[in-house]
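Colleague: Before I take this to the bench, could you walk me through what the terms mean here?
Modeller: Sure, have a look and ask away.

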Amino acid sequence: MSETAKTTRNPAGEPAESGVPDAAEEFVRQIDGHKTATRPSAAQDVTLPSLGFIGMLRWAWTQLTSMRTALFLLLLLAVAAVPGSLFPQRPANPAVVTQYIQDNPATGPWLDRFQLFDVYSSVWFSAIYLLLFISLIGCVIPRAIQHWKAMRSQPPRTPRRLSRLPEYGALALDTGSPVTAVTAVENAARLLKRRGYRVEVRGTDTSMPSVGAERGFLKELGNLVFHVSLIGVLVSVAVGGLFGYRGQKVIVEGDSFVNTLVGYDNFSPGTNFSETQLAPFSLQLDKFQVQFDRESKTHYGQPLDFTATMTTKDGPDAAPRPQTLKVNEPLEIGGTQVYLVGNGYAPVITVRDGDGNIAHQGPVVSVPSDGAYTSTMVLKVPDAKPEQLGFVGLFLPTALENEKGVAFGSDPDPFNPRLYLNSYAGNLGLDKGDPKNVYVLDTTKLKVLNDRTQKSGGIVLGPKETFTLPDGLGTITFDGLKRYVALDITSDPGQGGALLFSTLALAGLCASLFIGRRRVWVRAGTHPDGRTMVEWALLARGEDHRLAAEATAIRKLLEKEWLARPDRPADNSKKAGAASSGTKNS
Amino acid sequence: MPSIDETLGQYSELFILLAAMTFTVALISFCWDLATASKTLQAVEDRLARQQAPAEAALVGAGARNGAAAGAGSTASAETGLETAGDSLDYGGRRRPAARIGVALAALGTLILAAGVISRGIAAHRVPWGNMYEFCTTGALVVSVVFLLALTRKDLRFLGSFVIGLVVIMLCAAAIGFPTPVAHLVPALQSYWLIIHVSVAVISSSLFTLTFAMSVLQLLQSHREARSRAGQPDRLGFMRLVPTALTLENVAYRINAVSFVLWTFTLMAGAIWAEKAWGRYWGWDTKEVWTFVIWVVYAGYLHARATRGWTGTRAAWLSIVGYLCVVFNFTVVNVFFSGLHSYSGLN
Ligand code: HEM
């Protein structure tokens, strides 16, 4: 890495001087442990065979922890993340993936083979980020040791030729001034200390005493905290993946839910999840209120508010508590969060079978597919005799018919609720025991009773209406309407850690990017004509565009301290330093 | 919920169209400034050269040229004789009437745009960043305000045609591509995290816009510098108004550093909001993927700046790629990719 590159590409953009200042070079070496470590590796390349096994390992480690590898892995990570946004992903949407593979029989299986539908848990993606984090650890540890040492050591010795450093200044005190070289240096040390520098006065017994000062250790510390916190974030994510869980539950108004495995419609446990982790709470949906925009001409019917009124209990014997749940305002119950992620209508339906018995009674959840809550609905009635019955169709809260007589949904509120159903009879295939999606009915092997192509026509039902199925197989009645909410219930024990570490990372990042790490040296001497001469120079570690401003500030401080007439006013740049070199002790 | 003020909303749209027109004229001025730069400067130099005593001119040769140029607030490299704007980015003495008009019009356009954006916010009783139209208009406002603020401290007028060009593009995209009448927010967006998350994202994107322009200019300038070192004639005369590649790189780095912190915050705030709204702080939703990609690319950029052999041109390319990802995330991802973040307002 290019501390050297940076120093030589100094702020003035001047070409590098032939000899980098010795102290600067030492500075660079000191702060630059792992990066300098990569330098000899080029030479080792050539002599590879003689390295032996340990040598090879060391070589590989040096390569892996080099800045260049880190950069390469970072860019690779960025590229590798992209396919996850181009192809449907299993964790988010398994059904879409299945559909995609069916629709693309040629490419689909190949994409699947390369885990392009599971990008973020794929072997290659994991390999990249694991390598990156190993590189990170290998990079941080030596740097932390370096920094620990640097923080405890004294500022480095004063370079012989200060005028070669990027920022340089000098001034001469008036002949009558009582300030000797030693006092000048002591004064400077006091001023620098007050400015947050760590200082060391040296050479007070020589003719040219000096002070070395350094500040900005927080910069490197911030950098280390930032990188370590990234590891912390990764670990927290892993903890969430191991011990967390996430489940879905649909609750119709009036129904309740108890937090047990069987209570869920859908449940994805973390790898190390155990059922004992489920907090024993329960909740009941008392009422679900929706509000749609009735004023706007352009956004008429757009949702404005969803509010679920619930009664929750922390445990079987706990007192019930009324609570409201809204989008963006989850409920927190016993370390578990409950989110409102969806809602819709559940028409209440009664089906009587051919024998006249009630085979189904109750709300049927329909799945909205657009802003007008045009909802698809599937009802399976396995208890119907003599034949099992199935219904598939639409629920429209406000049904209108177009000129061709085709019904469409025109509003999300139930102003004219209608059910449009097809009916089927036959074996629904539910008794095989394998779980079936309740929202899908495979009708290919069933006998069609009603649909638009049949003589019997499709079923159309308004509230309180009953339709009689053909062949005396039964009746279906649309009794009423309820609303339901779809809840996500999650527990992620890694969440707090992720927040903590990312906040730390942010703080560390700010410290690392915005704190300047610099060194200042001040040296004083006595001119043959009796004047006390002072010179100083500044050197930054890495990017520091405020170094010049700091140099100005220090010049002002020194001038104010001694009320000296500056030798060359406001001229403390490097070039000026060279120009005023006549004032130097020589 | 208080009702939408539709009349005010229409005035807002009118303001925004007006602002777009003003910015277009500003853009033309800035382009004019660049286009004439090579010509006027050449003329000034010729005149100065003629004023110099022939003997002196013979004596110092290129030095006189440099002196004249430096007097006009720019510098010429001693090595190549190539003229660029001064490294300090301070305002120089050279008169650039077209650029002045550009700045004045940009300021006027910003005022009108501010009126448009604020009146939309008032009309809707909420922050005006809830759909693509509003992201674009608010984003354009932030870009121009940031640019004008930067102009008060440094002479960045050389960026004018790029930055104002992008502002015009954003406003046109809003007015033509994503026209959306004022409306209430859907429940998913009703959260104070909208204010925090999106505002910081917009500010950060605006800063990335500035550095993108700088990185492009940096590449052009270093190309020009390389040609000059090789003794080839200068084909990019307008680049005299632009500082050296190294200065551009350093300034872009400083701004990118700030913007990276803001983007990091955007990402974190987005994760916190996602946790509140969807019950998980990270789920690799398309929008999240691209926010992450952008973050990693700019982290790569910061690393590149500290990696031997990767400073300069390569780092500039990374900054450009990062910005292209920002644009992609904002346009293609919002409009064409489905995901939880489907609030572009387009259906
Ligand atoms: C998880 C992957 C990583 C990310 C996201 C990342 C991100 C960053 C960022 C944003 C910076 C600039 C801010 C700062 O100076 O603190 C930075 C600096 C730095 N990173 Fe990383 N880093 C990663 C991995 C690594 C690795 C593996 C190494 C070692 C090989 C490394 C070494 C450094 C060094 C030395 C700096 C300081 C650069 C300077 O002095 O300007 N980083 N990193």
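Colleague: What makes residues 289–304 of chain B helix rather than strand?
Modeller: The assignment comes from DSSP runs, where H or I over at least four residues is a helix and E over at least two is a strand, numbered from the N terminus. Over residues 289–304 of chain B the chain is 100% helix and 0% strand, with the end C-alpha atoms 22 Å apart. Bear in mind that this is a predicted model: local features need pLDDT of at least 70, side-chain atom pairs count only at pLDDT 80 or more, and totals for chains, interfaces and linings use all residues. Residues are numbered from 1 along each chain as written, chains are lettered from A and ligands numbered from 1 in the order written, and side-chain values use heavy atoms, leaving out hydrogens and water.

Colleague: How do you know that residues 289–304 of chain B are annotated as a "transmembrane region"?
Modeller: That comes from an unreviewed UniProt entry, which lists 289–304 and also 192–220 among the stretches of chain B. Positions follow the numbering used here, feature names are shortened, and annotations may be inferred rather than shown by experiment. Residues 192–220 of chain B are also 100% helix and 0% strand, with 43 Å between the end C-alpha atoms.

Colleague: Why is the ligand said to lie between chains A and B?
Modeller: A residue is near a molecule if one of its heavy atoms lies within 4 Å of it. Of the 28 residues surrounding the ligand, the closest include Cys139(A) and Arg143(A) as well as His303(B), so both chains meet that cut-off. α10(A) gives the most to this shell, six residues.

Colleague: What makes the pair of His303(B) and the ligand a polar contact?
Modeller: The term asks for N or O atoms within 3.5 Å; within protein, one must be able to donate a hydrogen and the other to accept it, and residues adjacent in sequence count only if both atoms are side-chain atoms. An N or O atom in the His303(B) side chain is 2.5 Å from a ligand nitrogen, so the pair qualifies. On chain A, a polar side-chain atom of His227(A) is 2.8 Å from a nitrogen of the ligand, and the Ser512(A) side chain places an N or O atom 2.5 Å from a ligand oxygen.

Colleague: How many salt bridges join chain A and chain B?
Modeller: Zero. That would take a side-chain nitrogen of Lys or Arg within 4 Å of a carboxyl oxygen of Asp or Glu. There are, however, 11 residue pairs in polar contact between the chains, both at pLDDT 80 or more.
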